[in-house]
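Biologist: I'm new to this one, could you walk me through it?
Modeller: Gladly, let's put it up and begin with the aromatic rings.
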Amino acid sequence: MLFSRLRHEGRKRIEDRQELRGATVDRDRVDQIIAKHHGEASSLIQVLLDIQSEHHWLPAEVLERVSEKLEVPFTRIQHIATFYKAFSLVPKGRHEIHICMGTACHVRGAARVLDRVQDLTGIRPGETDLDLKFSLETVNCLGCCALGPVMEINGKTHGKMVPAGTADVLKSYE
Ligand code: FES
């Protein structure tokens, strides 16, 4: 009972946020993406990746539409969407910030960079701001340790970061 009420309230909050920020997913666009992959069930993961890439998350209504059009059971799609880290079932910002907290970045001041980004965006790792502009995550290594501290935004690497430089970098993402 309690779990059900919490789930309902959580879903309601997400729906309110979507409505407020105009973040609802364009159903026609979802259909276009499915059509691009010829509506084939074998393209399921690619379809989900394309939708995730454009909308930054996969709402339940979208998974239902994909299930219907590709004739793949909803539970299977849900399983895939929760299994792979590339997919998100909650709203994400247009810009995904990853700050490396691995050893090489840590010893060069990654924690101070993270603090500054938290101050500027108002969010902590694992969170998304209310404007759905930024999502923030920490990671253990981005594979370019010589450039540490490293901050990656939408897959673009920003190396040798210092706290004072983060505002300018974030400003370049609208
Ligand atoms: S430890 Fe940060 S990129 Fe490797």
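Modeller: Rings of Phe, Tyr and Trp (its six-membered ring) pair if their centres lie within 6.5 Å, with planes under 30 degrees apart counted as stacked, over 60 as edge-to-face and the rest as tilted. This is a predicted model, where local features need pLDDT of at least 70, side-chain atom pairs count only at pLDDT 80 or more, and totals for chains, interfaces and linings use all residues. Residues are numbered from 1 along each chain as its sequence is written, and side-chain values use heavy atoms, with hydrogens and water left out.
Biologist: Which residues do the ring pairs link into a cluster?
Modeller: The cluster consists of Phe-83, Tyr-84 and Phe-87, linked by ring pairs.
Biologist: How is the pair of Phe-83 and Tyr-84 arranged?
Modeller: Phe-83 and Tyr-84 meet edge-to-face, at 5.1 Å centre to centre and with 90° between the planes. Tyr-84 also forms an edge-to-face pair with Phe-87, at 6.3 Å centre to centre.
Biologist: And is Phe-87 buried or exposed?
Modeller: Phe-87 is buried, at 8% relative accessible area, where buried means under 20%, exposed over 50% and partly exposed in between, with a 1.4 Å probe and protein chains only. Phe-83, at 58%, is exposed.
Biologist: Switching topic, what does Leu-48 touch further along the sequence?
Modeller: Leaving aside neighbours within four places in sequence, Leu-48 is in contact (heavy atoms within 4.5 Å) with residues including Leu-58, Val-66, Ile-80 and Phe-87.
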